Amino acid sequence: MTATLTSIREKARSGEPLSLEDGVALYRHPNLLEVGALANEVRERLHGDRTFFNRNLHINATNVCEASCAFCSFARLQPGDAGAYTMSLEEAWGKLRARIDGGDPITEIHIVNGLHPGLPFDYYTDLLSGLKRIQPGIHLKAFTAVEIFYFAKKFGLSIEEVLQKLRAAGLDSLPGGGAEIFAPRVRKKICDDKCTADEWLEVHRVAHRIGLRSNCTMLYGHIESVEERVDHMLRLRALQDETGGFQTFIPLAFHPDGNALMKLPGPTGVEDLRTYAVARLLLHNIPHLKAYWIMLGVKTAQTALWFGADDLDGTVQEEKIYHMAGAETPQVMRPAEIVRIIVNAGRAPVERDTLYNVLAEGAALTSDKPFRRDVRRSLEVVS
Ligand code: V47
């Protein structure tokens with residue numbers, strides 16, 4: 001272990017915040033496994049073997065989007081463009097009804113959309129209130145900070161007014177998307193026409209102040225430098241010091257198919273694992289680190305459970321943003337399969353709700369009727 005990693009390890013063990021230089025040194029350290037082992041120490045101190053997942057559904061209600069982010073394969077500029085779509089409210093509500101009718105219940109809906117220039121604010125409030133009418137207890141994690149900022153500008157409201165109105169309609173928390181990379185050099189090249197880093201952070205600051213929890217992300221593996229990744233994470237850490245409202249950090253691995261950055265190769269598996277480990281070490285004040293299997297691939301996500309990650313997101317279903325960018329992962333993973341990969345990794349599966357309240361674990365999880373047999377088989381494999 002080099003002197004640098006020794007001093008970083010001391011800081012990490014005593015809970016002292018790591019610096020920008022420390023973060024860069026972790027990225028440059030030649031031995032991935034040493035960095036991973038240190039991140040795993042922090043992960044186990046926070047969560048032991050527990051590994052969280054939930055049962056959720058993604059609704060991307062429209063891909064019509066005024067912004068032209070270079071990394072995005074999902075968006076279409078105009079409603080009439082090839083591949084453009086906007087769901088009717090009935091269609092969006094039908095996604096939840098189908099899960100209930102199919103005996104495949106969920107506890108969360110994740111909603112992320114394009115910045116559609118033609119939809120009224122009522123579309124969004126009606127979308128939420130309609131979903132709550134169908135399942136009053138459902139948690140609605142909806143609209144990235146970019147969307148919230150867009151609504152404020154477009155409808156002449158303050159950020160707080162937008163959030164309060166959406167909350168009155170059923171909004172429960174915010175997803176972490178739209179952060180990309182905060183450095184102005186990168187934003188200018190990949191997402192010049194949406195909210196700035198300060199505006200993104202301000203939306204989350206206001207959300208936390210009024211009592212909404214949120215997640216945060218970083219899109220990595222395109223044109224950003226290691227220093228810019230570390231700077232991004234430190235800006236999130238600073239806001240977390242101020243508000244404490246972030247629950248989970250989700251590093252999002254760039255997928256190059258079908259977008260303006262398609263000539264770039266995307267991150268390698270080692271870069272993925274290292275980014276997870278560095279994130280766990282730098283973001284000591286954000287409790288959870290999510291290995292979003294849709295983006296990472298199931299096998300890397302499973303391995304990331306030993307590189308700092310403690311959460312696999314959920315069953316997902318209907319994901320469009322990454323599948324339009326070339327993600328080869330399935331569109332849905334059954335709870336039994338999520339449990340199987342967690343157990344097979346030597347970790348302890350915990351079904352959670354969006355706010356990390358525990359819904360089932362241990363015997364309660366394995367006695368869950370619909371997938372008892374599969375889980376039993378998984379437990380036998382590791383015992
Ligand atoms: O903001 C878009 C990213 C984000 C690509 O909060 C891409 O629990 C890679 O918000 N390659 C939206 N990434 C997704 C999002 C999210 C996802 C999972 C969990 C949570 C959560 C939030 O997807 C965008 C952008 O950063 N993205 N295109 C692409 N080609």
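This is a short dialogue on reading a sheet, a core and a cavity in a predicted model.

Student: Let's start with the sheet. What is the strand order in the open sheet of 4 strands?

Tutor: Here is the general idea: strands of a sheet pair through backbone hydrogen bonds, either parallel or antiparallel. In this model the order is β9-β1-β10-β11, and the pairing is mixed. The edge strands, each pairing on one side only, are β9 (311-314) and β11 (358-361). On average, neighbouring strands of this sheet are turned by 25 degrees against each other, direction ignored.

Student: In which sense do β1 and β9 pair?

Tutor: Strand β1 (residues 50-54) pairs with β9 in the parallel sense, over 2 bridges. To find the spot on screen, look for F52, whose bridge partner in β9 is D311.

Student: Which strands does helix α14 lie across?

Tutor: Helix α14 (residues 335-344) lies across β1, β9 and β10 (348-352), and runs at about 165 degrees to β1.

Student: Now the core. Which residues of the largest nonpolar core touch the most other members?

Tutor: In soluble globular proteins, nonpolar side chains tend to be buried together. Here the largest nonpolar core has 122 residues, and I109, F143, L163, L166, W200 and F249 touch the most other members. Take F143: leaving aside neighbours within four places in sequence, its contacts include I111, Y124, L166 and P175.

Student: And how many cavities of 30 Å³ or more are there?

Tutor: A search of the whole structure finds 2. The largest cavity holds about 670 Å³ of space. Its lining comprises 41 residues, with V112, G178, E180, I321 and Y322 nearest the centre. The elements giving two or more residues to that lining are α6 (145-155), β6 (213-220) and β7 (246-253).

Methods: Residues are numbered from 1 along each chain as its sequence is written. This is a predicted model: local features need pLDDT of at least 70, side-chain atom pairs count only at pLDDT 80 or more; totals for chains, interfaces and linings use all residues. Side-chain values use heavy atoms; hydrogens and water are left out. Two strands pair if DSSP finds at least two bridges between them. Axes are lines fitted to C-alpha atoms, for helices over the stretch in contact, and angles run from 0 to 180 degrees between N-to-C directions. Contact means heavy atoms within 4.5 Å. A nonpolar core is a set of buried Ala, Val, Leu, Ile, Met, Phe, Trp, Tyr and Cys residues joined through side-chain atoms within 4.5 Å. Buried means under 20% relative accessible area, exposed over 50%, partly exposed in between (1.4 Å probe, protein chains only). On a 1 Å grid over the protein atoms alone, a cavity is a set of points where a 1.4 Å probe fits but cannot get out, and a pocket is an open set with protein on both sides within 12 Å along at least five of seven lines; lining residues have an atom within 4 Å of a point. Grid points are joined across faces, edges and corners, and a volume is the space filled by probe spheres set on the points.
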